[in-house]
Amino acid sequence: MLQKFMLKHNGQVVTALAIMLGLAWGTHLMAWFEISTTLLVIAAIFGFVPVAIKAYQALRFGVIAIELLVTIAVIGAMVIGEYEEAAMVTFLFLFGSFLEKKTLERTRQSIKQLTNLAPKTAVRELANGSAEIVDIDQVAVNDLLIVKTGSQIPVDGIVSKGGAYVNEASITGEAMPVHKQIGDTVFMGSIVENGTLRITAKQVGEDTTFGKIIEMVETAQDSKSSVENFIDSFAKYYTPAILVIALVVGLVSRNLGLAITMLVLACPGALVIGAPVSMVAAIGNGAKHGILIKGAETINTLAQVDTMLFNKTGTLTQGQPSVVNVKSYDFNLATQEKLVAIEKESNHPLAKAIVNYLKIASQVVIETTEVRMGQGIVSRIAGETWLVGNQQLLAAHEVQLTEAMQADLLTFQKAGMSTVLFADDHVRAIFAITDKLRPNVTASLDSLKRQGIKQLVMLTGDSQKTGQMLASQLPLDRFEADLLPTAKAEIVKRLQKSGRKVAFIGDGINDSPALTLADIGIAMGSGTDVAIETSDVVLINADFASLKHAYGLAKKAQKNVVENIIIAVLTVIFLFIMLFFGYIHMASGMFVHEASILIVIVNAMRLTYFKVG
């Protein structure tokens, strides 16, 4: 009960100690020595209780904590009559703990802000056309919801009626409103700035993108890096070692005060707090800029990356290709309807481009559909086999191209276009499709090189010609084309065996093997759920400025942790040297010790304001 009270009101405890110490010094100056001594004893005992309780609780679980060093030091100081030293030590230690707590709370504000942004209610349209306000927990998939100007979108869904400008800053970090119309996807937490939308709910509650963001950032901020785990392990052995050393020093020197002072000065407070504060601050900064980093260890690994592999479609390009040319060979309306039916079975950007280009309704019933990774789709319609994909797919089914068809295909590929072939027992059509590069991709790749990336490589399932055309527009070191998903994964493994630290950036289901195998998997937020789930970093607003920021942030966070460790170690060395020569005592040493913790905290907090130059 007492422990809970002390922990809950640690701010008030520190304030009360400060007041008592102030009164003790004031009465001492007025020569009221008995009153001053009494106040110091009360302050020492008052501050001693919460520290001793934490030390006892740790010992119950077999852990020799830092609090045990302080507890023994305070008891010793009281025994030898150093009441001022005992009171100052407890005050400074509790004040340092208070600062640590407040700093971590501040760096976790990104979570609180995200949670507060979550809508609490929704307006649901009923079958009779009327509307009702319901709690967000009562909304189900396929409910029709009404969202008017100034209101938050309560679910992930599809616009079924209306149009509006929507601010998606809470999801993508992009402040500019985006126009949404029938068929567009909208996200929970976005705000309708102008217009009215009727939305069909597709994902609700924790299954929404917004819900996943909150969950992922919470999990990440609670995780520990290998550096933090090492420091925790180090502290377990360091603390009992200091107890033994202090005991030996006391016995040899027969100076109890010296031994007690050693215990106080040896507390590794700045060392223990330095790494976690830096990591939490970095993860919070990432969340604020639309970058989800799935753990502290991810930051360490990302900072060491020297090679980045990029999927082409949807990663280097916008993933919204359009058909620019078609070569038809017996491609009548009935055949077109079959193609539309097949392509509607796929979420691939090229499939969507073909459906948008043909713009025809289809009542064709598909019997079976099989996705061949890296090749295309094989479907059965009325007992016939239909193929949609690349040359590899057609070759696997022994479908030949005439010389004229090969010439048409080569023309498209030389122009840097992606190609899709449609065939049954012979080729019916060849589609030429292009996709625009993402904005600022060239400048961002140049920036990544300056930040320390040694190799930038594009991997694509497109033809060599198409890959060459795109690669010539970008500052890439090399590219590899005609790749199946397994081949991309093999390239990742090959680079890792050669000693490279590899990051793979992708957005599709076929990128999942490479995302998982890479030292760091980075998913574009516009990509599939599978790619996002299997990655270590998610760029919610799916742009290369975020990738540049994420890498720069990881490098800065790693440097920040090293700085904090150096500050902590040098402080302890400095205190021991000063103690050896007699220039520092218990209270003054504790003041320097707690000042080092404050310096470490301030240094870590700089990460919350980090921006790539």
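Select Lys449 to begin, and you will find a residue that is partly exposed, with a relative accessible area of 31%. Since this is a predicted model, everything on this tour describes computed coordinates. Now add Asp477 to the selection: this residue is likewise partly exposed, its relative accessible area being 38%. Side chains of opposite charge can pair when their charged atoms come close. Here Asp477 and Lys449 form a salt bridge, and the closest N and O atoms are 2.5 Å apart. The pair links distant parts of the chain, for Lys449 sits in helix 18 (residues 441–451), while Asp477 belongs to the loop between helix 19 (464–471) and strand 17 (478–480), 28 residues apart.

Next, select Arg428 together with Asp424, whose side chains also meet in a salt bridge, at 2.9 Å from N to O. Are these two residues buried or exposed? Both Arg428 and Asp424 are buried, whereas Lys449, where the tour began, is partly exposed.

Move on to helix 20, which covers residues 485–497, and pick out Glu490 and Lys493. What separates them along the helix? They are three residues apart in helix 20, and therefore about one helical turn lies between them. Their side chains form a salt bridge in which the closest N and O atoms are 3.1 Å apart. Glu490 is partly exposed, with a relative accessible area of 44%, and Lys493 is partly exposed as well, with a value of 33%. After this pair, select Arg124, Glu132 and Asp143, which are joined into one network by salt bridges that share partners. How many salt bridges does a search of the whole structure find? The search finds twelve.

Leave the charged pairs now and display helix 14 (residues 333–343) with helix 15 (residues 349–358). Two packed helices are described by the angle between their axes and the distance between the axes. For helix 14 and helix 15 the angle is about 140 degrees, and the axes are 9 Å apart. Angles over 145 degrees would count as roughly antiparallel, so helix 14 and helix 15 are described as oblique to each other. Their crossing is left-handed. To see the contact itself, select Gln336, Leu339, Val340 and Glu343 in helix 14, which meet Leu350, Ala351, Ile354, Val355 and Leu358 in helix 15. Sorted by character, the residues of this contact comprise seven nonpolar, one polar and one charged.

The next residue to select is Ser36, which lies in helix 3 (residues 33–60). Is Ser36 buried or exposed? Ser36 counts as buried because its relative accessibility is 4%, and the cut-off for buried is under 20%. When residues up to four places away in sequence are not counted, Ser36 touches Ala24, Thr27 and His28. Add Gly22 to the view and compare two kinds of separation: Gly22 and Ser36 are 14 residues apart in sequence, and 9.7 Å apart in space from C-alpha to C-alpha.

Finally, zoom out to the whole chain, whose secondary structure comes to 24 helices and 20 strands. Of its 613 residues, 50% count as buried. Among contacts in the chain with a separation of 6 or more, 67% are between residues 24 or more positions apart.

Conventions
Residues numbered from 1 in each chain as written. Predicted model: local features only at pLDDT ≥ 70, side-chain atom pairs only at ≥ 80, totals over all residues. Heavy atoms only, no water. Salt bridge = Lys/Arg side-chain N within 4 Å of Asp/Glu carboxyl O. Buried < 20%, exposed > 50% of the residue type's maximum accessible area, 1.4 Å probe, protein only. Helix = DSSP H or I, 4+ residues; strand = E, 2+ residues; numbered from the N terminus. Axes fitted to C-alpha atoms, helices over the stretch in contact; angles between N-to-C directions. Parallel < 35°, antiparallel > 145°, perpendicular 65-115°, else oblique. Left-handed = near helix turned anticlockwise from the far one by under 90°. Contact = heavy atoms within 4.5 Å. Nonpolar A, V, L, I, M, F, W, Y, C, P; charged D, E, K, R; others polar.
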